[in-house]
Amino acid sequence: MASIDSVTLLSEAEYGCEHLATILSQDENTAGQFKSSFIKTHHKLAPQTTPSSGTSQQKPGLHYSSLLKPKYTCLTCSEACVNGDRKTHTQKTGHRFYMESRGRAVFCQGCGDFVYDHGLERLRSSAPDSMLTAPNKRRFSESSSDELYVRSNANKRPCAKQGVRGLFNLGQTCYLNVVLQTLLHDPILNTYFLGNGHQSHDCTVRDCIGCAVAEAFSDFNSSDKAEGFAALSLLLASWRASPTLAGYQQQDAHEYYQFLVDKLHSSTDGHQENHEKGCSCFFHKTFYGKLRSSVTCDKCGNVTRTEDPMVDLSLDVQAKKRAMGGGTGLSSAPTLNGCLESYTSPERLMADVYNCSGCGGTPQKATKQLRIKKLPAILCMQLKRFEHTFSVSEKVEGKIDFPLSINMLPYTTNPHTQRIDKSRFMYDLSSAVVHKGKLDAGHYYVYCRQGDQWMLFNDDQVTAVTEAEVLSADAYLLFYNLRSLASPR
């Protein structure tokens, strides 16, 4: 599984951002053209000395009088844009990268921010540049003491790397604590929030969940404190966003996770409310997958397919235990793979629940099957432990065996594809949420992976544990991370 450090290094050290990585890691021709355009624009925007009073002719290049109002030169087509025109230009042409006129920094419209790329800076400093006449500019070479200092100190502080801080229980808020701890220990989300992915200083949304989570990431990684902290802003924002969450009654961690993901998605600029139309925002790509349902008529063979967004997989543990004859022995404990097989296996439908369009809309017996069409980067699986009927609501007890790594390919719409990169479907366990107690009087705690070490977070109490302890837990929620983020999905 990728660690926080490796993801941070990948996105901040190897390349300036994921969009630059796409360009610079392509073939030599594409990367070379971009670098050539970068250097040409760099020279073009180099500051010039002010012409003498007796000279009316202006030299080419940027003059000091124009530094008061920065412009952004497109690195693809060289068109100059003011701040407000960048987005329009990108939407029209697909060009993402610009060079700002005053400091000649690279701006990525895809990220909506300036980006620093070590390779491009090396290219900039090594290229001949007779136009650099600003007195305080020092050249930056690989062997310089400046670079040696930057390279040896440009990583997260030790306390931020450890990330072993508990969360105070503010009164039946263990459901919030376990979900938030899961997010706080996720490498993908660390890269996003610690890299200013959510611009809280520009956000005008009242009680914004994105701002509250960003604040939690900042507090959690603070170098000034080692003890636990309280996610009060997130709790209050959650209460205001959902009346059912308001108050100190116990809540379901799974339902809170669904609520939190939905609100994070809504907090992103340019997001699509209708998931069926597709959305390119960070949270949609990270949390949302797609589920396909196929219903085949037994009489005419007509197949009806529907696709719906999914934020998690809810697996029926009790149904699997019944299928195994009760699952009373240790050797017969249900497995996560077995639950997934049951979830994606064909299911018989009686004629009173399905009307076939191929048979004139008449009731027919049919076979229904669920398959995963698109997998998210962060995959949540709920092992359903709470059953609700008309007469009673109860908790399902019993151990479910789950692995540290899992191949999700067999449960997709193309399970038997031969020529396919299987690494695109390999997931590693990142956290396991446990519920102890009864349905109406229980407590949540969570195991989270921190680098190569597993930690138990029980509100503000933090304990180091072994892999064996994690795998023996009676998990309620399991979170898996896609192993290879570089693979196209």
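**Entry 1: strands 18 to 20**

I began in strand 20, where I looked up the bridge partner of Phe 457 and found Val 462. I kept in mind from the start that this is a predicted model. Phe 457 led me to the pairing around it: strand 19 is joined to strand 20, residues 461–465, by 5 bridges, and the two run antiparallel. These strands form a hairpin with 2 residues between them, and in the turn I noted Asp 459, which has a positive phi of about 55 degrees.

I then went back along the chain to strand 18, residues 442–450, which pairs with strand 19, residues 453–458, in the antiparallel sense over 5 bridges. As one pair to look at, I picked Tyr 447, whose bridge partner in strand 19 is Leu 456. The hairpin of strand 18 and strand 19 also has 2 residues between the strands, and there Gly 451 takes a positive phi near 70 degrees.

**Entry 2: Gln 364**

Next I turned to Gln 364, which I found in the loop between strand 11, residues 362–363, and strand 12, residues 366–374. Is Gln 364 buried or exposed? Its relative accessibility is 13%, and because buried means under 20%, I wrote Gln 364 down as buried.

I also looked for what surrounds this residue. The side chain of Gln 364 makes a polar contact with the side chain of Thr 362, at 3.1 Å. Leaving aside neighbours within four places in sequence, I listed the residues in contact with Gln 364 as Cys 297, Lys 299, Met 350, Ala 351, Tyr 354, Cys 356 and Cys 359.

**Entry 3: a sheet and two helices**

My last look was at an open sheet of 5 strands, which has the order 2-1-3-4-5 and antiparallel pairing. Its edge strands are strand 2, residues 80–81, and strand 5, residues 113–115, each of which pairs on one side only. Within this sheet I followed strand 3, residues 97–100, and strand 4, residues 106–108, which run antiparallel and are joined by 3 bridges. Phe 97 stands opposite Cys 108 in strand 4.

Which helices pack on the sheet? I found that helix 3, residues 28–44, does so by touching strand 1, residues 72–74, together with strand 3 and strand 4, and that its direction makes about 20 degrees with that of strand 3. Helix 4, residues 86–93, also packs on the sheet, touching strand 1, strand 2, strand 3 and strand 4, and I noted that its direction makes about 150 degrees with that of strand 3.

Key
Residues are numbered from 1 along each chain as its sequence is written. This is a predicted model: local features need pLDDT of at least 70, side-chain atom pairs count only at pLDDT 80 or more; totals for chains, interfaces and linings use all residues. Side-chain values use heavy atoms; hydrogens and water are left out. Two strands pair if DSSP finds at least two bridges between them. Helices (H or I, at least four residues) and strands (E, at least two) are DSSP runs, numbered from the N terminus. Buried means under 20% relative accessible area, exposed over 50%, partly exposed in between (1.4 Å probe, protein chains only). A polar contact is a pair of N or O atoms within 3.5 Å; within protein, one must be able to donate a hydrogen and the other to accept it, and residues adjacent in sequence count only if both atoms are side-chain atoms. Contact means heavy atoms within 4.5 Å. Axes are lines fitted to C-alpha atoms, for helices over the stretch in contact, and angles run from 0 to 180 degrees between N-to-C directions.
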